[in-house]
Amino acid sequence: MARKKTAPTKAPARSWSHEVTKHSHALRLDKGVFTLKDPYNVDDVALAWGKKVTPAFKHKVIEISAEIGMDPNFLMAAMAYESARTFSASIQNPPSKAVGLIQFMPNTARALGTSTEALKRMTPLAQLDYVRRYFLPNKGRLRDLSDVYMAILWPRAIGRPSSYILFAYGSNQYKQNRGLDADNDGVVTKAEAANRVQ
């Protein structure tokens, strides 16, 4: 008896983070938190944007992410977005005076015991120490890409739903981030902001 042919099913669309994480054998997901398998080889980990950085940079990102409990692909994506895909420690946003891998603001740099001028003079690898210090207070809380990005853009939105309103028309924050208002409805939601990082 001939078998009935069925139409091939189309695989569901997957994001880069799913595909990269699926093939990153050095990472382990435990209760929604990413950790490192011990021992691991940095060459076994395929990271988002990994070809733009040195092996030493990748290694440090993986270790920082394991310590914080977040997927290193999410940290790499956030740094790629914030640094205009350059991974430069000296890149600066002229209007805000923010610099570096996660666009440290002057007040943030001071709170971390440094300055934006000092951060600009660092190598990207050295600046990762300050990225680590910045993220440490959110250890165990950054379970998805949107929360990793919210830790940089608007920390009070960590753990909030994707519909959470970050900025509304008329506020200074909205003026500075108007480009994130994808549907031009006068508000920037967590989903709209995080969508830019994907």
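Tyrosine 134 is buried, with a relative accessible area of 18%, in this predicted model. This residue pairs with phenylalanine 104, which is also buried, at 1% relative accessibility. Their ring planes stand at 90° with the centres 6.4 Å apart, so the pair is edge-to-face. Because phenylalanine 104 sits in the loop between strand 4 (98–99) and helix 4 (106–111) while tyrosine 134 belongs to helix 6, the pair ties together parts 30 residues apart in sequence.

In total, there are seven aromatic pairs. Another of them is edge-to-face: the rings of tyrosine 81 and tyrosine 149 have planes at 90°. Here helix 3 (residues 72–82) contributes tyrosine 81 and helix 7 (residues 145–153) contributes tyrosine 149, a separation of 68 residues along the chain. Tyrosine 81 is partly exposed, with a relative accessible area of 23%, whereas tyrosine 149 is buried, at 2%. The two pairs are set out below.

| Pair | Distance of centres | Angle of planes |
|---|---|---|
| Tyrosine 81 and tyrosine 149 | 5.6 Å | 90° |
| Phenylalanine 104 and tyrosine 134 | 6.4 Å | 90° |

Trp49, Phe57 and Phe87 form one aromatic cluster. Phe57 also takes part in the contact of helix 2 with helix 6, where the residues met in helix 6 include Leu125, Leu128 and Phe135. The axes of helix 2 (residues 55–68) and helix 6 (residues 124–135) are 10 Å apart at an angle of about 10°, which makes the helices roughly parallel. Nine nonpolar and four charged residues make up this contact, with no polar ones.

The protein as a whole has nine helices and six strands. Of its 198 residues, 45% are buried. The accessible surface comes to about 11,200 Å², and carbon and sulfur atoms account for 52% of that area.

Notes
Residues numbered from 1 in each chain as written. Predicted model: local features only at pLDDT ≥ 70, side-chain atom pairs only at ≥ 80, totals over all residues. Heavy atoms only, no water. Helix = DSSP H or I, 4+ residues; strand = E, 2+ residues; numbered from the N terminus. Buried < 20%, exposed > 50% of the residue type's maximum accessible area, 1.4 Å probe, protein only. Areas by Shrake-Rupley, 256 points an atom, 1.4 Å probe, with all protein chains shown as cover. Axes fitted to C-alpha atoms, helices over the stretch in contact; angles between N-to-C directions. Parallel < 35°, antiparallel > 145°, perpendicular 65-115°, else oblique. Contact = heavy atoms within 4.5 Å. Nonpolar A, V, L, I, M, F, W, Y, C, P; charged D, E, K, R; others polar. Phe/Tyr/Trp six-rings, centres within 6.5 Å; stacked < 30°, edge-to-face > 60°.
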